Each structure stands twice: as structure tokens, then as C-alpha cells.
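Trainee: I should like to learn how to read a ligand site and the elements around it. Could we begin with the contacts to the ligand itself?

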Amino acid sequence: MANDIKLRLPHLRPYAARLKNHWVWNAKSVLTPGQALRERVTGKVILLTGASSGIGEQLADRLADAGATLLLVARNRDKLDAIAHAIQQRGGKAAVYPADLTDLDACDRLCEQALQDHGRVDILINNAGRSIRRSIKFTYQRFHDYERTMQLNYLASIRLAMNLLPGMEARDDGHIINVSTVGVQANPARFSAYLASKWALEGWTWVAANEFAHTGVRFSSINYPLVRTPMIAPTKVYQYLPVMSPETAVDWMLDVIITQNKRKLGIFGKGALAMYYLLPKTSESIVNLSYQSIFEEPPANYVSSKARRGQAANSADRDAERYRG
Ligand SMILES: NC(=O)c1ccc[n+]([C@@H]2O[C@H](COP(=O)([O-])OP(=O)(O)OC[C@H]3O[C@@H](n4cnc5c(N)ncnc54)[C@H](OP(=O)(O)O)[C@@H]3O)[C@@H](O)[C@H]2O)c1
């Protein structure tokens, strides 16, 4: 009958090995991180997106120097070529796969080519990302803000995973690392489009981790705080804040590769999470106070709702007028 529930005995044995491995690799990551990294990645094929800039650019060097074969993905072929060339000059292995990941067919093509060239991908690092900093009230005429962030941060990452997971599952070995942000815990104002896409990515990651827990395929998410890279350069206020260096961001990633822990979250993220659950209204008020305190430049093509529809001016119109005036 169609509605019958069919039960089967779950595999229990992998849990013991997992638990042991968890403690062994976490100890190694503290005691001998360099050696542990080499053990984890030597001879492994790693597909790294967002390899042309910021965190990805420095990460590529560190992983290649530790003995991995790097498949470098981004749009800027010249930059990828330069990074691969430098790695090869030092005796490392790297190949470039330029692609615009917002084109899902391009994601398929690059995976097909990578598998054809290297036979497998052991570790997928979904690091390419796009951030948009804009109040919701300034996005009423900019639905594409939501589409653009979802397309790259969420859909492209999942599309790559869909191409590479079958091989990992068949080999009972693999690791998918999805790069997220501490904004998912802190919910800062003005990042609705960016954070929604990272929440989606994390949601997928946690379900995947639960489904594959009895296999050799692991899933991790990293919640970076602000990192000094080209991504945050356009926001002037960040120049005055103490932010993480790209070197430390790379160390976080290497730690996740070694330990295969599910989440990497710093003290600020843990504090924000505690506030969110223990004092939800206080946490909302703190974020809102900081939101109100900082003026926001309206988008260049912003047209007030008064001019568009003859409606009374709303708060976005008033802010835009005051900003321009
Ligand atoms: N910087 C921070 O404060 C911060 C904080 C939390 C989380 N993160 C996350 O960390 C990751 C790395 O960020 P980052 O700071 O290193 O940023 P970044 O320096 O701006 O680098 C972004 C990378 O993504 C690539 N990329 C952008 N659009 C692409 C597309 N359509 N197709 C293929 N590749 C594309 C870029 O290469 P091309 O331009 O050559 O395509 C570049 O290599 C992102 O996922 C970001 O969300 C960053």
C-alpha cells in the first residue's frame, strides 16, 4: 500500500568512528596544525570558488603549499592565471576554471570539466560571495538585489554541490564547506538580501549534514565576522572598525578543513546568538539603535514614492532628501 511506512535498521557503527575521529582531529588541529593540514589535504583535489580575491586568494596559496591540487574558480581569468602560475612556480599544483557562477549552466560545465581533468573533487569550498548593504526601504524598486544574492551565494553553491556530491557519496569521502557570515547570528540592519541568501545556504548545510552523518561526507559552515578584503572596502565606516585580517580568516578555514567541525563561530557570534534567544527584544533594540544612528546613501537611481506614485513621502524619501540635501 502506498501509505505504508517501511522501516529499516539504521547503521550505528559509523558513529563510534566519527566520535573518535572528531576528538583526534580536533586535538591535532591544536597541537600540530601544520602537520594535520598536510595529512588532510596532500593529494586531495580542492575546488575553491572566489579564488581571485580576498580570503579565497590567500587560501589557495596555503592549501596548495600544503600539498593539495587547487581548482581555482572566479570570473577574472587573468587573476586566476597569476595565482595558479605563482603556485606552480613554488612547485604546487593548480588549474584555473574561470566561470560566472550566477550562470547555473556554467556551474555544470565547470564541474564536468573538473571531473574530466582530475577524476574527482575531494573538497568543495563555496567561498565566492556577493554582499549588498541596503535598507529594505530602499529595495522596494530593486527586487534584483534579492535575486543577485540568492543566485550567487545560494543557488550557485547548491548547484556545484549537486554536481560533486554524487562522486563524494560513491567514494564515501568528501567535505563541502559553505562560507557564511556572523550576520546570520547578529542580523545586522541593511543586509536583508545578503543574509537571507546566507541563511538559505546554512539551512541547506545543516540538513545535508544530518542526512549524511552516517557516511564519510562532511558539511561545514563558517560564520566570518568582518574581514579586511575588497568586499568591505566600499563601506567607509568599516575602515574605522577592528576587523579580522584575511590571514586569520584563512586560519579559520584551515581549522575547519582539519577538524571537519560543522560550524566555525567566534565569540561575537556566540554572544549574538545568546542575546538573540535570551533577550530578543533587547537585541532587536540594540541593532535598531545602531541602524537609526547611521545615515544611508540612497541608491543612485532612487526615485521617491512621491514622484513615482504621487503618494505621501515615506521614511526612505525623507532619508534620501536629507542625505542629498
Ligand atoms: N569580507 C567580509 O567581511 C566577509 C564577512 C563574512 C563573510 N564573508 C564571505 O567570505 C567569502 C569571501 O569573501 P571576500 O571577503 O574574500 O570577498 P571578495 O574579496 O570580494 O571576493 C569575492 C570572490 O567571489 C568571486 N565572485 C564574485 N562574483 C562571482 C561570480 N558571479 N562568479 C564567480 N565568482 C564570483 C570574486 O571573483 P571575480 O570577481 O573574479 O569573479 C572573488 O574571487 C564570501 O562568501 C563572503 O560572503 C566575507
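Mentor: We begin with the polar contacts, bearing in mind that this is a predicted model. A polar backbone atom of N76 lies 3.0 Å from an oxygen atom of the ligand. From the side chain of Y194, an N or O atom is 2.5 Å from a ligand oxygen, and a polar side-chain atom of K198 is 3.0 Å from an oxygen atom of the ligand.

Trainee: How much of the ligand's area does the protein bury?

Mentor: The ligand taken alone exposes 880 Å², and the protein buries 91% of that.

Trainee: Which elements give two or more residues to the shell around the ligand?

Mentor: They are α3 (54–65), β5 (174–181) and α8 (192–211). The largest share, 3 residues, comes from β5. In total, 30 residues surround the ligand, with S53, R75, Y194, V227 and T229 the closest.

Trainee: What is the make-up of this shell by class?

Mentor: One sorts the residues into classes and counts each. Here the shell has 16 nonpolar, 11 polar and 3 charged residues.

Trainee: How should one read the helix α8?

Mentor: One may set its span against the expected value, then ask what its buried residues pack against. The 20 residues of α8 reach 29 Å from first C-alpha to last, close to the 28 Å expected at 1.5 Å a residue. Among its buried residues are Y194 and K198, together with L201, W204 and T205. The buried residues of α8 pack against α6 (144–171), β5, α7 (183–186), β6 (217–224) and β7 (263–265).

Trainee: Is N178 buried or exposed?

Mentor: The test is relative accessibility, with buried meaning under 20%. N178 counts as buried because its relative accessibility is 1%. This residue is found in strand β5, and its side chain makes a polar contact with the side chain of N126 at 2.8 Å. Residues up to four places away in sequence aside, N178 touches N126, S157, L201, W204, T205, S220, S221 and I222.

Trainee: Which residues is L165 in contact with, leaving aside its neighbours within four places in sequence?

Mentor: L165 is in contact with I176, W204, F212, V217 and F219. L165 has its place in helix α6, and it counts as buried because its relative accessibility is 8%.

Trainee: How far apart are L165 and V217 in sequence and in space?

Mentor: One compares the two separations. L165 and V217 are 52 residues apart in sequence, and their C-alpha atoms are 8.5 Å apart in space.

Note on methods. Residues are numbered from 1 along each chain as its sequence is written. This is a predicted model: local features need pLDDT of at least 70, side-chain atom pairs count only at pLDDT 80 or more; totals for chains, interfaces and linings use all residues. Side-chain values use heavy atoms; hydrogens and water are left out. A residue is near a molecule or strand if one of its heavy atoms lies within 4 Å of it. A polar contact is a pair of N or O atoms within 3.5 Å; within protein, one must be able to donate a hydrogen and the other to accept it, and residues adjacent in sequence count only if both atoms are side-chain atoms. Accessible areas come from the Shrake-Rupley method with a 1.4 Å probe; for residues, only the protein chains shown count as cover. Helices (H or I, at least four residues) and strands (E, at least two) are DSSP runs, numbered from the N terminus. Ala, Val, Leu, Ile, Met, Phe, Trp, Tyr, Cys and Pro count as nonpolar, Asp, Glu, Lys and Arg as charged, and the others, Gly among them, as polar. The expected span of a helix is 1.5 Å times one less than its number of residues. Buried means under 20% relative accessible area, exposed over 50%, partly exposed in between (1.4 Å probe, protein chains only). Contact means heavy atoms within 4.5 Å.
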